[in-house]
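Subject: The model we talked about

Hi,

Here is the structure I promised to pass on. Have a look at it first, and then read my notes below.

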Amino acid sequence: AALAQVDGLTQAIFLEMFGDPATNPRRLPSESLGTLIKVRSGEFLPAASMAPNGTFAVLGGNGVNGYHDEFLFEEQQIVIGRVGVYCGCVHVSPQNSWITDNALYVSERSDRLEFVYLASALTFARLNQYASQSGQPLVSGARIYPVEILVPPLHLQRQFASRAVAVDKLKASHRASLAQIDALFASLQHRAFRGEL
């Protein structure tokens with residue numbers, strides 16, 4: 001329950017600082033994505049080539065979908081689902097990751113956009129609504145470049161990023177606690193069934 005609450009906290013901070021992008025109550029400047037970013041498709045990686053015990057996360061349209069022994073990107077990337085039911089979904093990759101051709105990544109970004117802010121702004125843009133509807137849903141650069149996002153002053157973007165990073169640390173702490181509790185419960189359950197309690 002705590003994790004569910006924390007998951008919505010970054011969105012709440014975004015809305016508090018910048019308002020709803022759909023109505024733009026703060027009258028912040030906005031620009032089309034085509035003037036702010038460039039996206040490229042990831043590289044094909046068949047499931048058979050993935051390494052179940054690999055070190056590096058492999059991201060597709062729905063975030064991490066496996067692991068591999070090699071990586072394409074050292075730095076974190078903003079990943080957008082390109083094809084299928086998860087097209088338009090936005091994720092941030094971990095460092096040292098592989099992004100498949102089921103996703104796009106932001107290959108260029110204006111220096112007027114802070115990384116963490118951009119990831120949230122793309123999430124609020126709900127890019128899946130711009131997917132092609134003929135056959136399998138598909139999002140491409142050409143389809144999303146006309147979409148406008150808010151471009152607040154950089155100092156506000158950085159303030160948002162600082163708060164969002166604090167939320168991520170809180171999430172990580174909650175997940176670690178949950179993992180410890182689960183491990184403790186499993187151990188106690190095992191001992192209970194063996195009559196050691």
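Let me begin with two rings in the core: Phe14 and Phe124 are both buried. Please keep in mind throughout that this is a predicted model.

**The aromatic cluster**

Phe14 and Phe124 make a stacked aromatic pair, with 4.4 Å from centre to centre and 20 degrees between the planes. Phe14 belongs to helix H2 and Phe124 to helix H4, so the contact links parts of the chain that are 110 residues apart.

Phe14 has another partner, Tyr117, which is buried as well. Here the ring centres are 5.6 Å apart and the planes sit at 15 degrees; that is under the 30-degree cut-off, so this pair also counts as stacked. Tyr117 is in H4 (residues 115-124), so the pair ties H2 to a part of the chain 103 residues away in sequence.

Zooming out, ring pairs connect Phe14, Phe18, Tyr117, Phe124 and Phe160 into a cluster. The count for the structure comes to nine aromatic pairs.

**Helix H2**

Which residues of H2 are buried? In this helix, which covers residues 9-18, they are Thr10, Ile13, Phe14, Met17 and Phe18. Looking down the helix axis, you would see these buried residues fall within an arc of 100 degrees, so they line one face of H2. Two of the cluster rings, Phe14 and Phe18, are therefore on that face. Just after the helix comes Gly19, with a positive phi of about 75 degrees.

**Strand E3**

E3 (residues 56-60) is worth a look too. Five of its five residues are buried, so the strand is largely enclosed by the rest of the structure. In a regular strand, side chains alternate between the two faces of the sheet. In E3 both faces are covered: Phe56, Val58 and Gly60 are buried on one side, and Ala57 and Leu59 on the other.

As for its neighbours, E3 runs antiparallel to E4 (residues 63-68), and five bridges join the two strands. They form a hairpin with two residues between them. Within that pairing, Ala57 has Tyr67 of E4 as its bridge partner. E3 also pairs with E7 (residues 98-99), this time in the parallel sense and over two bridges. There, Val58 is partnered with Trp98.

**A pocket beside H4**

The second largest pocket holds about 220 Å³ of space. It is lined by 17 residues, and those closest to its centre are Pro21, Ala22, Phe124, Ala125 and Glu148. You will recognise Phe124 from the aromatic cluster. H4 and strand E9 (148-150) each supply at least two residues of the lining.

**Two more things to find on screen**

Which ring does Lys38 lie over? That would be Tyr145: Lys38 is over its face, 5.2 Å from the ring centre.

Then there is Ala48, in the loop between strand E2 (37-41) and E3. Is Ala48 buried or exposed? Its relative accessible area is 77%, and anything over 50% counts as exposed, so Ala48 is exposed. From Ala48 to Ala161 the distance is 37 Å in space, C-alpha to C-alpha, and 113 residues in sequence.

That's what I have for now. Happy to go through it together.

Cheers

How values were computed: Residues are numbered from 1 along each chain as its sequence is written. This is a predicted model: local features need pLDDT of at least 70, side-chain atom pairs count only at pLDDT 80 or more; totals for chains, interfaces and linings use all residues. Side-chain values use heavy atoms; hydrogens and water are left out. Buried means under 20% relative accessible area, exposed over 50%, partly exposed in between (1.4 Å probe, protein chains only). Helices (H or I, at least four residues) and strands (E, at least two) are DSSP runs, numbered from the N terminus. The arc is that of the directions from the helix axis to the C-beta atoms. Two strands pair if DSSP finds at least two bridges between them. Rings of Phe, Tyr and Trp (its six-membered ring) pair if their centres lie within 6.5 Å; planes under 30 degrees apart count as stacked, over 60 as edge-to-face and the rest as tilted. A charge sits over a ring if NZ of Lys or CZ of Arg is within 6 Å of the ring centre and within 35 degrees of the ring normal. On a 1 Å grid over the protein atoms alone, a cavity is a set of points where a 1.4 Å probe fits but cannot get out, and a pocket is an open set with protein on both sides within 12 Å along at least five of seven lines; lining residues have an atom within 4 Å of a point. Grid points are joined across faces, edges and corners, and a volume is the space filled by probe spheres set on the points.
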